[in-house]
Number of protein chains: 2
Amino acid sequence: MTTSENTTSLCSGNVCPCQEKCPLSAALEIIGGKWKIPILCSLYNDGPTRYNALRKKIKGVTNTMLASSLKELEADGLILRTQYNEMPLRVEYELTKNTNRLIPILGSLSAWGKEIKN
Amino acid sequence: MTTSENTTSLCSGNVCPCQEKCPLSAALEIIGGKWKIPILCSLYNDGPTRYNALRKKIKGVTNTMLASSLKELEADGLILRTQYNEMPLRVEYELTKNTNRLIPILGSLSAWGKEIKN
DNA sequence: CTGGATCCAGAGGGATACTG
DNA sequence: CAGTATCCCTCTGGATCCAG
């Protein structure tokens with residue numbers, strides 16, 4: 001009676017296309033937006049980084065967008081914010097383990113993006 | 001002299017974060033937007049599908065968005081449009097091999113999206 | 001140094017009506 | 001049946017200035 005197992009379903013498993021929020025669309029929204037990937041790439045390449053250092057490394061980003069993107073990434077559990085109450089104030093951002101599990105997937109996506117450009 | 005190989009770089013390999021369009025951002029733009037994933041999911045689940053059938057399966061999509069999304073997906077080589085000059089006109093859309101290589105990656109992303117929701 | 005507040009332009013997306 | 005055309009609106013993202 002039940003449908004045979006569908007282990008490769010991209011969405012909720014039964015109702016596609018993504019009527020209710022499917023995890024795939026959810027994931028894409030989390031890493032969507034103009035600056036999320038550059039931020040994650042930078043933190044992945046360089047490790048814990050200060051706010052101003054990020055702003056310099058990510059060409060073209062403004063305070064507004066960097067701050068709001070960092071806040072969203074933190075709220076979604078993708079980055080960790082550590083504040084050191086020194087003088088002057090120091091704040092560092094770094095990837096979480098959630099994000100480390102995401103990295104190879106992004107790597108595959110990147111490779112796929114490279115291939116289809118031919 | 002050359003930097004040691006960096007096979008895990010998400011971007012171009014040397015200049016991160018994504019100053020010039022990196023393949024990762026490019027890939028995300030191709031599958032971005034509100035309706036691309038639902039379209040791909042639907043075609044993946046059901047195979048070749050007619051325009052009006054797609055419109056019924058994808059809840060909430062309008063003619064404007066469905067037509068423009070299909071056009072973009074076709075231009076990016078993710079779907080194939082086949083027109084049968086019958087009466088009435090019949091047009092079917094289906095995934096290409098490029099997209100079939102993308103599917104497992106999206107599956108991983110979906111699984112990741114499910115995990116971090118806890 | 002690390003952001004927040006405000007204002008604004010442009011793109012993405014929706015509703016409706018119409019066409020080959 | 002398979003889309004276009006048109007209008008409109010929201011929302012993202014940019015510029016600038018300000019604050020703890």
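Reader: At what distance from the ring centre does Arg90(B) lie over the face of Tyr84(B)?

Author: The model is predicted, so local features need pLDDT of at least 70 and side-chain atom pairs count only at pLDDT 80 or more, while totals for chains, interfaces and linings use all residues. Residues are numbered from 1 along each chain as its sequence is written, chains are lettered from A and ligands numbered from 1 in the order in which they are written, and side-chain values use heavy atoms, with hydrogens and water left out. A charge sits over a ring if NZ of Lys or CZ of Arg is within 6 Å of the ring centre and within 35 degrees of the ring normal. In chain A the charged end of Arg90(A) sits over the ring of Tyr84(A), 4.0 Å from its centre, and for Arg90(B) over Tyr84(B) the value is 4.0 Å.

Reader: How many aromatic pairs are there over all chains?

Author: Rings of Phe, Tyr and Trp (its six-membered ring) pair if their centres lie within 6.5 Å, with planes under 30 degrees apart stacked, over 60 edge-to-face and the rest tilted. By this rule the count over all chains is zero.

Reader: Which strands are the edge strands of the open sheet in chain A?

Author: Strands (DSSP runs of E, at least two residues) pair if DSSP finds at least two bridges between them. The three strands of chain A form an open sheet in the order β1-β3-β2, with antiparallel pairing. Two bridges join β1(A) to β3(A), residues 90-95, and six bridges join β2(A) to β3(A). The strands that pair on one side only are β1 (49-50) and β2 (79-84).

Reader: Which residue in β3(A) is the bridge partner of Ile79(A)?

Author: β2(A) and β3(A) form a hairpin with five residues between them. On the β1(A) side, Arg50(A) stands opposite Glu92(A) in β3(A), whereas the partner of Ile79(A) in β3(A) is Leu95(A).

Reader: At about what angle to β3(A) does α2(A) run?

Author: β3(A) is mostly covered, with five of its six residues buried (under 20% relative accessible area, 1.4 Å probe, protein chains only). Helix α2(A) lies across β1, β2 and β3 of chain A, and its direction relative to β3(A) is about 95°.

Reader: Which residues touch the most other members of the largest nonpolar core?

Author: A nonpolar core joins buried Ala, Val, Leu, Ile, Met, Phe, Trp, Tyr and Cys residues through side-chain atoms within 4.5 Å. Leaving aside neighbours within four places in sequence, Ile31(A) is in contact (heavy atoms within 4.5 Å) with residues including Leu78(A), Leu102(A) and Leu28(B). Of the 62 residues in the largest core, those touching the most other members are Ile31(A) and Ile31(B).

Terms used. Buried < 20%, exposed > 50% of the residue type's maximum accessible area, 1.4 Å probe, protein only. Helix = DSSP H or I, 4+ residues; strand = E, 2+ residues; numbered from the N terminus. Axes fitted to C-alpha atoms, helices over the stretch in contact; angles between N-to-C directions.
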